[in-house]
Amino acid sequence: MSHHQERLLKVLMGPHISEKATIVADGNGQYVFRVAPDATKPEIKQAVEKLFEVKVLNVRTLVQKGKVKRTARGLGKRNNVKKAYVRLAEGQEIDFLSV
């Protein structure tokens, strides 16, 4: 396995399951992934295409800032999460249950 292939496996940290993620998946072939903080759009595209054997049209990314939560020890901060909204070509889908 080349360094490049290993890198692609580290880029995707898994599907992001949320109410919004379910809604966009139903409507228009978009899937939401949690991705590595330093992942680039081309890397995300390659990783999704390689792992799920689909055609990716475009990738939009965002960084969700970690919330500050009150804990027994004072204030704690959750980690930032980088997410990628991946739009697939017409008629393609990813079935996470079979993976």
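The following paragraphs describe the fold, the buried residues, the strand pairing and the main pocket of a predicted model.

Residues are numbered from 1 along each chain as its sequence is written, and side-chain values rest on heavy atoms, with hydrogens and water left out. Because the model is predicted, local features need pLDDT of at least 70 and side-chain atom pairs count only at pLDDT 80 or more, while totals for chains, interfaces and linings use all residues.

The protein chain contains three helices and six strands, where helices (H or I, at least four residues) and strands (E, at least two) are DSSP runs numbered from the N terminus. Along the sequence these elements follow the pattern α-β-α-β-α-β-β-β-β. Taken along the principal axes, the C-alpha atoms of the protein chain fill a box of roughly 50 × 35 × 25 Å. Of the 99 residues, 32% count as buried; buried means under 20% relative accessible area, exposed over 50%, and partly exposed in between (1.4 Å probe, protein chains only). Among contacts (heavy atoms within 4.5 Å) with a separation of 6 or more, 58% join residues 24 or more positions apart.

Two buried polar or charged residues were examined in turn. Gln30 lies in strand E2 and is buried, with a relative accessible area of 3%. Leaving aside neighbours within four places in sequence, Gln30 is in contact with Val24, Ala25, Arg60, Tyr85, Val86 and Arg87. Glu43 belongs to helix H3 and counts as buried at 16% relative accessibility. Apart from residues up to four places away in sequence, Glu43 touches Arg7, Leu8, Val11 and Asp38. Arg7 is 36 residues from Glu43 along the chain, yet their C-alpha atoms are separated by 8.6 Å.

Aromatic pairing was assessed on rings of Phe, Tyr and Trp (its six-membered ring), which pair if their centres lie within 6.5 Å; planes under 30 degrees apart count as stacked, over 60 as edge-to-face and the rest as tilted. By this rule there is one aromatic pair. Phe33 and Phe52 form this tilted pair, at 5.8 Å centre to centre with 35° between the planes. The pair links distant parts of the chain, with Phe33 in strand E2 (residues 30–35) and Phe52 in helix H3 (residues 41–52), 19 residues apart. Both Phe33 and Phe52 are buried.

Strand E4 (residues 68–71) and strand E5 (residues 74–77) run antiparallel and are joined by four bridges; two strands pair if DSSP finds at least two bridges between them. Val68 stands opposite Lys77 in E5. E4 and E5 form a hairpin, with two residues between them.

Pockets were sought on a 1 Å grid over the protein atoms alone: a pocket is an open set of points where a 1.4 Å probe fits, with protein on both sides within 12 Å along at least five of seven lines, and lining residues have an atom within 4 Å of a point. The largest pocket has a volume of about 170 Å³, a volume being the space filled by probe spheres set on the points, which are joined across faces, edges and corners. Its lining consists of Pro15, His16, Ile17, Ser18, Ala21, Thr22, Ala25, Tyr31, Val32, Ile94 and Phe96. Helix H2 (19–28) and E2 each supply at least two residues of this lining, and the largest share, three residues, comes from H2. By class, the lining has eight nonpolar, three polar and no charged residues; Ala, Val, Leu, Ile, Met, Phe, Trp, Tyr, Cys and Pro count as nonpolar, Asp, Glu, Lys and Arg as charged, and the others, Gly among them, as polar.
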